[in-house]
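Student: I've got a model open and want to talk through its sheet, its cavity and its aromatic rings. Can we go step by step?

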Amino acid sequence: MTKFNKLMLFGVLTAGILTGCSDNQNAGAAEEPAVKEEHPSEEEAVEEQQAEEPAAAEAAVHNVEEIVKEKGKYVLQETDQQKEQLQAELEAAPEGMTGEEAYSFAVSLVAADVEEAAEKFEAINPVITIDSATPEDSITLPEEETINVAILLDASGSMAGHVSGGEKMKLAKEAVQTYAGDLPEGSNVMLRVYGHEGSGTNADREMSCSSNEVVYELGAYDEQHFSESLDQFAPAGWTPLAGAIQAAEEDLKEQKGEHVRNVVYVVSDGIETCDGDPVAAAASLNASDIQAEVNIIGFDVDNEGQAQLEAVAKAGNGQYKSVYSESDLNDYLKQEHSRLYWEWLAWSNDRYLEILQQSNNIAGDLLKYNNEIYGKSLAENNRMHSLQYKLTELEKFKDNEAADKFNELANIRHKTLTQYFRQEKDRKDTIRKEMHEELEKKVKETSEEKEGDYAS
């Protein structure tokens, strides 16, 4: 029965007695013998108080999960008041404690608060998540960029003209084939030709302006097939440039996503002659989901043509280049080939940096939280030994063996906690190092492979 309930019962009994006395006061108060109040001895009072107070919970020794959750009442002990309160608790501790009892009592007072650091440590994922790889999966590289190159070739009648090196159409076909053949493995290429039907006469204008078709479907480069596609047409009619760009947007509409790059190259020797708006068409293509850039190669173009074609390239977020000879055309396409290479190389370098940053962050966090847990556990261990001396001075231990047992349990607690997190740190760090090395190796292999593709 608690003190609170005893006092309540005492109050009820007292009230009853007083009531009874009031009723019989005149009748026989003199005959009632005096009631002698009994007071418990000091020893009995202490025993009664100790029996009513719950015993300290048994503290963990070998269970890391439980150790992490235990927090002492005086974790910080920064102020004089806290030190005085702790000393008072020690002085009020029962005498004759066993080592286990004193250990649990001391843990309830000074156990380190490592729960937050432990949770953050456990939450560290040692996997370098460039891709969806886990320690159980085979390590894979992040998805490489897929490059789709759409070549729009002007086959209007003016392409039959000549520049230094030969006929413009013949030179354009040769340069385009060389460029397509040099694209790295994994790239896709397509060829659309426009203005290749009818003639330059007004009578054939409608037919010619509607002549716009894919002669090589988007896919990997095949030398023979691509060459046969180029042989299917010759320069003939008008120049439906806007229609060709609009058609390219339809050709590439499914080619979208984070790792897809669409590039359009228009090879033309003149302006739109079919009443279309190539600037608007280029802007629409670039602003669409496929986000294709529109590059224009002006082949022997006059001033008026250059102005329009430059506007088309600008609207398509691409580049305009004027060429006037066979060597100009080949040099430009080689530069574009090199530009794609350097952009891919930047992707490779970005992967190296991403791997390094994630690896360093993981290693840093593991070290940080492991050190925090170790430092707090060591401080706790020192305080536990300090309490052992104080409890000994206060004669709270049952015997010397109890004091030795207390020290043994405190040391086991410190070793259990710090050894677990050190082993976990080593385990996670091993996963991190292995993934770091393997990913860098695969990036290097892919980089060398791509370098070979571009060097071909």
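Tutor: Sure, and let's fix one term before we start. A cavity here is a set of grid points where a 1.4 Å probe fits but cannot get out, and its volume is the space filled by probe spheres set on the points. Keep in mind that this is a predicted model.

Student: Okay, what volume does the largest cavity have?

Tutor: The structure holds one cavity of 30 Å³ or more. The volume of the largest cavity comes to about 30 Å³.

Student: How do the residues of its lining divide into nonpolar, polar and charged?

Tutor: The lining consists of Ile 151, Val 176, Tyr 179, Tyr 265, Val 267 and Leu 333. Helix α8 (168–182) and strand β6 each supply at least two of the lining residues. Tyr counts as nonpolar here, so the split is no charged, no polar and six nonpolar.

Student: Which strands stand at the edges of the sheet?

Tutor: The open sheet has six strands with mixed pairing, ordered β5-β4-β1-β6-β7-β8. A strand with a single partner has one side left without a neighbour in the sheet, so the edge strands are β5 (212–219) and β8 (320–323).

Student: Which residue in β6 is the bridge partner of Asn 148?

Tutor: Strand β1 (residues 146–154) runs parallel to β6 (residues 260–268), and eight bridges join the two. For Asn 148, the partner in β6 is Asn 262.

Student: And what angle does helix α11 make with β4?

Tutor: Helix α11 (residues 241–251) packs on the sheet, where it touches β1, β4 (188–194), β5 and β6. Comparing the direction of α11 with that of β4 gives about 150°.

Student: Last one: how are the rings of Phe 121 and Phe 421 paired?

Tutor: There are six aromatic pairs in the structure. In this one the ring centres are 5.2 Å apart and the planes sit at 85°. Over 60 degrees is the cut-off that matters, so the pair is edge-to-face.

Student: Why does that pair tie together parts that are 300 residues apart in sequence?

Tutor: Phe 121 belongs to helix α7 (residues 115–122). Phe 421 lies in helix α15 (residues 400–455), so the parts tied together are α7 and α15.

Note on methods
Residues numbered from 1 in each chain as written. Predicted model: local features only at pLDDT ≥ 70, side-chain atom pairs only at ≥ 80, totals over all residues. Heavy atoms only, no water. Pairing = 2+ DSSP bridges. Helix = DSSP H or I, 4+ residues; strand = E, 2+ residues; numbered from the N terminus. Contact = heavy atoms within 4.5 Å. Axes fitted to C-alpha atoms, helices over the stretch in contact; angles between N-to-C directions. 1 Å grid on protein atoms, 1.4 Å probe; cavity = no way out; pocket = protein on both sides within 12 Å on 5 of 7 lines; lining within 4 Å. Phe/Tyr/Trp six-rings, centres within 6.5 Å; stacked < 30°, edge-to-face > 60°.
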